Structures are given as structure tokens and as C-alpha cells.
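Colleague: I would like a close look at one part of this protein, the open sheet and the helices that lie across it. Please set that part against the rest of the chain as well.

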Amino acid sequence: MVPAERSPRSGRGRRRGSARSPFAGLSAHGRPSGRRALTPSSDPSPSPRRYRPELQGLRAVAILMVVCYHIWFDRVSGGVDIFLLISAFLLTDSFVRRLEADAPLEVVAYWGKAFKRLLAPAAIVIAGTMIAVALWYPPSRFADLVVQSLASATFWENWHLAFRGVDYYAADGDGVSPFQQFWSLSIQGQVFLLWPLLFALIALAHRRLRAPLRPTLLLVFGGIFTASLAWSVVSTASQQSFAYFDTRTRLWEFALGSLLALGLPLLESRMSSTDRPARVRAAAGWGGLVAILACGWIVDVQGAFPGWIALWPLGAAAVVIGAGDTRTRWGADRLLSSRPLRWVGDISYALYLVHWPILVTVALLVDDEHPDLVQGTAIVAASLLLGWLLTRFVDTPVRRWRWASARIWRAGAVIAASLVLALAPAAVVQQHLQRDLPEAGEGVYQGAAAADPGATPPTAGEDFVPALDQLTDQLLLLDHPCAEGPTGNCDQSLPDAAEANGRIIAFGNSHMQQFAAALLPLTDEHGWVLQRMTEVFCDYTSPVPDPRCETWASTVRHIAIEVDADAVVLQSTRTAPNGQEFAMPGYAETAQILLDHGIDVIAVRDNPRWSFSMPECVHAHGADAVECTAPISQPYLPESPAPSVTSTSGARVLTIDLSEQYCPEGVCRPVIGNVLVYFDDNHPTREFETTLAPEVERQLRDQGFTFGPHLT
């Protein structure tokens, strides 16, 4: 989010002021700062422009919209987009005036100054948020939030969230990130690296090729605007969760701010000082302000940003900026230039940084995603107070620190120190995550095997493995890519011997991927190839046509027949968090095809599913709490609902029913034999599945299926 800049205490139109925002390049007011920084020539003063207090008020309106919409309405306001526009507007104005004055751009000096002032307040918030995470957040989230703290401090949080949002396992069961507000700051940091380079290239073309300056700038930023907006519309329509955080879908918002900075002088030169244009500008300013406030309130744009709908708040903000100082008593600029709004604008950067982790943490502690009026008001008050403190004691001193601004290396030292401060708590948490723990199957950590005769009995009060903060590696992935199979969804475990004794394929969705962990010890021991061919969210058939799943299922069936697999493992039933167990869609048809080609089918009953994150329940209530358990009758029917399939080829259907292992003594539990059963709300941990291997082998052996050479 755009940091605020301090406004002078005098009224409208005062020409003296100091730069406050690192986003503004050298000046948040469209003019160079009165102080020189980094080098004597870093703040040239060509064509000084008057201070525009209404921009500070516009920032205040935008940040208040962001805060209030986040806290009370859980909707997108468009305020963030307005900050992006203002950032580019001010940055472009600063660099264009340098170019027109033939002054050195000093790109590296700009980077040092900008990122020094960006990172100092951000470091305090990142460190404080990570401390809050360690104190109050579920341990199952530690690993991801450590990565996010690093991503936030190094300006790639938007990309982390983009890829995390389309990652089935990462998104499943995870709460809202307290670092999520850093997505926009990350995009702005990336643009602050890119935009000065563009100006440097344009300056080179202007000097070497005699390219006209403003037309070249208009051509470059117009091209970025057009290409990025087109991509934003297409990407938002096809993958909105990814597009929202994608830098490429947001570049047009910066480009629009640059185009506004380039075109506004021409507009102002054609404006006369007569009463009629003043009234028109005042009316336009009010129209733009009303349109800004209405966006997100009249239309729920939650799933539409950042596509074409973002033109609404940005176009309205451009109108307000274009209206400027109307020199009227009733114009919107009078309101925007008022002292309360300018004060909020001063602390807008810090306010944006602190309000989100406060909101998310309070929601976690009170176990309510939507604070009521009293809670929301307290969050706003706390955010304003902390935002002011952060501005007063961190942002302002760093901005005014002459020693740090006198040399580029000193700015670099401040940046490095800020990074160390930001990441120190995360480093401590990461060190804790890397501690060694016993593995399932060792000592008292028997998992499903704890009920076997001769097993070491669990000890009351004993901890369990994997620990709640070590769940990131519980997804089963095998060691070798498949020579054949669906791209990205097939891997395999190969025997040590040159020739395998058999081949078994785990075919299904993510539950079958996890069940393969119960097969892995058996195939490794007996020299078999284990292939995992799975696809998340895909049943074997679907009532609603799904080309992705249909292509995948057809491909796997073809491969299983082509390689003459000894057996294919299928999921025969599907459980529901609060519903009846039912036959897995397409199981019977798929099993019949395989049987007709002489391939044995191993039909596995599904594991229980829950309506909540099991690790978070264990963290909140304990492993033995009734809140984290359920009777076996909740996920399972008395008998498996899987349909019977007849074989005429001699191949067999072998069934695996582990309901009693997931729900020993009739109770489905989160921890069995000192091993955690689930790493989210429905996927068993890899370690617990491994402890099921003896029972799987026993059930198969009882039906005449043994792992050995030349099985069929």
C-alpha cells in the first residue's frame, strides 16, 4: 500500500512541503523535496509544481475504504487500486520533470531512497506479526507463514499468494494469512524497480535517437496499459484467484497513473481561470468522489477484480485528480484538503500495514471471521493508534535521517538492517520447525499398528508425530517420474533389482495419492513398482462433464492396460463431512474395464472427512477432546456401499476396508497410536498411512493376493 507523506500544516495552495512517501519518488506533491538526498544532484528542481493537499485526502479516503470494507463488509473496495494509481502518478511526475530538465535520473539512488523508507515500517509489522503467529496461531500454519514473512520482506508475497491460491493442498483448510496485505506492497516494489528502468531507457532513446520525449512516454505507457488491461480481463475471467495477485494484471493501473501524469499538464494548460471551468471541475470532483465511494457498495465486485471493473474506481480517482484545486468553497477538494483527512493520509501507509494483521488475529482469537460493531470499532481505533505510532517513531525519523540519505551505501545498510529485523522472528520459528522428531513406527509411535498383539502400548500424555508444526511434507510424492502417464500427476517408486516382481498402480484422486503411502512399504519390500496416477478433485466419472478429469481418467485406464499392470487400486466409496457414505462415481465402470482386460482391482473404502481442520482442532482442544472425534456411524454406513463388479476374465476384485483402523473401538480420532491421522480436514498424513501397511497386506493375503514374483 502507498505510504503516506506528511502534509504541511498550512492551508491549501502552500508551495512548501516535504516528501513523505517513498512511493512518490522524490515528491508526493508533484515537486522535488526541499532537502537533497543521496547525492547533491538527486533532487533537481525544474518546473516546481504546487503542493496538492487533495491527493493526501484522496489517499485517506482510499485507506479508510480499505479498512472499513475489510472489517465490516468483507468486500473489495477499490481503494488499493487507487493507491496504485496515485503511486504511479507521483513517481512519473517526478521522473518526467527530471527528463525535461535534462537532469540525471540516478536510478540506483532512487531505489535506495525508496526502499529504505518502504522497508523500515514494514519490518516492524512483519516482525510483530510473526511474533503474534508464534504466540496465537495454529502450529500447522507456521511453515507457510514463515515463507510468507520472507516473501513480504522481499516483495514477492503477491506471487506466493497467487500460486498458493491455486494449490489444492495449500488452500485446503488454511485460514486467511496475516501477511496478505503485503501483496499490493510487493507489486508496487516490483514496479518501483521496473518504472525507473523504463524511464532510463526512454531517456537513452531521447538522447541518442532524438525520440520526442512525451510522445515516447505516452507510447510506452499506453502500450503497457493496453496489453496489461487486456491480459487482466482475460486472466480474471479464467483464473480470478491467480489474476488478483498477478503483477501483470495490475501493471495497467500503474500505467494509467503514468498516463494521467503525462496528460494532466496539457489538460491544465487548456483550463481557464473563469468561473465556469471552476464549477465544472468542482462538479467533476464530487462526481468522482461519489463514484469512488460507491464502488464495491453498489456492485459486489469481489470476484471481478482486477479486470475491467477496476476501471470504475480508477477512472473516478483520475477525475478527482484531474479536477484538482477548483478554487471554490464547495468543491470536493475542500473536503479532501481538510486537516482530518490529511492526517489520515499522513499515516495511510502504516495504517494499511497494521490493520490487516490486527483484524486477522482478532478474528482468530475470538473464533469469528466477521467482527461485530464493537469489535470492529476497537480494531479501527487500535489500527489508527498503531499506525500513528509507526509513522511518528519509525517512518518519519527514517525519512528525515540525513545520514542514511547522504550516501547510497548507507541507504543500503538501512535496507539490510530492516530485512534482518523483519526476518529475525521467522528465523527463530524456522529453527524450531527443523528439530528432529521420531518417525511413525518407532517406539510408542505405532499409529494403526498400536492395536496389534505385541505392539508397544501408547503412554498416557505422550506427544504424537508428526508434530502440528511439521505437516508440510505429509503429501506423498514418490521418488521417480513416470516414463508414461499424465504429465505432472504421475510418479513411481522403483525396486532395487533390475527387474520388478510386479507392478501396482494407485489410480484416483488425492485420497488415493495418500493411500499409496500404505502400499509403499509393501512394494519396496517385495520388489514391486508402485505408480501413483492421481488428479485432485477428479472422480472416475462426473455427472457434470469435466474435460480435464475425463481426459485424465481415460489416459490412466489406457496406460494401465498398456503396461499390463498386475493390480490397480481404486477408491470404491466416498465419505462426506456431515453426510452419508456413497459409492465413488465411476468406480464400477472403471473396475469393469480393468477386469475385462485381466487386471486385478483393489477396491479401497474411503477415509473419514471432517467439516473442520483437524490439526487446528487438536491445537485448540487437544488430541482427546470430544470436539475432534466422531462415532464411526458418522462417516461410514454399516456396510460398504460400493457396487459389486463381476469378472469374466479371471481377474479379481479385492477389497480393503480400514474403517476400524481410522475409527478404533467405534470412534474416529485425530490421533491413533501416538500418530496424527490427518494433516487437514480430509487427507490422512503420510506417516499414519504408512502404519496401515501391515493391515493392508493382511487383508489382501486373506483374499489370496500376496506380493511376490510372478503373481499373476
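Modeller: What follows starts with the whole chain, moves to the sheet, and then turns to the helices and loops elsewhere.

The model is a predicted one. The protein has 24 helices and 13 strands. Of its 712 residues, 56% are buried. When contacts between residues at least 6 apart in sequence are considered, 78% of them join residues at least 24 apart.

The sheet you ask about is open and has seven strands, in the order β1-β2-β4-β3-β5-β8-β10. Its pairing is mixed. The edges are formed by β1, residues 480-481, and β10, residues 653-656, each of which pairs on one side only. In general, strands of a sheet pair through backbone hydrogen bonds, in either a parallel or an antiparallel sense.

Within this sheet, β3 (residues 502-508) and β4 (residues 528-534) are a parallel pair, joined over seven bridges. Two positions help to fix the register. Arg503 has Val529 as its bridge partner in β4, and Phe507 stands opposite Met533 of that strand. Six of the seven residues of β3 are buried, so this strand is largely enclosed by the rest of the structure.

Two helices lie across parts of the sheet. Helix α20, residues 587-596, lies across β3, β5 (567-571), β8 (600-604) and β10. The direction of α20 is at about 175 degrees to that of β5. Helix α24, residues 693-702, lies across β8 and β10 and runs at about 145 degrees to β10. Strands β8 and β10 are thus named for α20 and again for α24.

On the way into the sheet along the chain there is a cis peptide bond, between Val465 and Pro466, with omega about -10 degrees. Pro466 is in the loop between α17 (408-433) and the edge strand β1.

Now for the rest of the chain, beginning with a pair of helices. Packed helices are described by the angle between their axes and the distance between those axes. For α3 (residues 107-136) and α7 (residues 182-208), the axes come within 11 Å and cross at roughly 175 degrees. That angle makes α3 roughly antiparallel to α7, the cut-off being over 145 degrees. On the α3 side the contact is made by Val107, Tyr110, Trp111, Phe115, Leu118, Ala122, Val125 and Ile126. On the α7 side it is made by Phe182, Leu185, Gly189, Phe192, Leu193, Pro196, Leu197 and Ala200. Sorted by kind, the residues of this contact are 15 nonpolar, one polar and no charged.

Loops next to these two helices hold residues with positive phi. Asp102, in the loop between α2 (79-100) and α3, has phi near 55 degrees, a positive value in a residue other than glycine. Asp102 is exposed, at 54% relative accessible area. Arg210, in the loop between α7 and α8, is not a glycine either and has a positive phi of about 60 degrees. Its relative accessible area is 71%, which makes Arg210 exposed.

Thr249 is a buried loop residue. It is found between α8 (213-243) and α9 (251-269), and its relative accessibility of 0% means that it counts as buried. The side chain of Thr249 reaches the backbone oxygen of Asp246 at 2.8 Å. Beyond residues up to four places away in sequence, Thr249 touches Ser228, Trp231, Ser232, Ser235, Ala243 and Pro306.

Trp356 is a buried residue in a helix. It is found in α14, residues 348-366, and has a relative accessible area of 12%, so it falls under the 20% limit for buried. Its C-alpha atom is separated by 6.4 Å from that of Gln181, although the two residues are 175 apart along the chain. Leaving aside neighbours within four places in sequence, Trp356 is in contact with His70, Val176, Ser177, Pro178, Gln180 and Gln181. With Ser177 there is also a specific atomic approach: the side chain of Trp356 reaches the backbone oxygen of Ser177 at 2.8 Å.

Methods
Residues numbered from 1 in each chain as written. Predicted model: local features only at pLDDT ≥ 70, side-chain atom pairs only at ≥ 80, totals over all residues. Heavy atoms only, no water. Axes fitted to C-alpha atoms, helices over the stretch in contact; angles between N-to-C directions. Helix = DSSP H or I, 4+ residues; strand = E, 2+ residues; numbered from the N terminus. Parallel < 35°, antiparallel > 145°, perpendicular 65-115°, else oblique. Contact = heavy atoms within 4.5 Å. Nonpolar A, V, L, I, M, F, W, Y, C, P; charged D, E, K, R; others polar. Buried < 20%, exposed > 50% of the residue type's maximum accessible area, 1.4 Å probe, protein only. Polar contact = N/O pair within 3.5 Å; in protein donor to acceptor, adjacent residues only side chain to side chain. Pairing = 2+ DSSP bridges.
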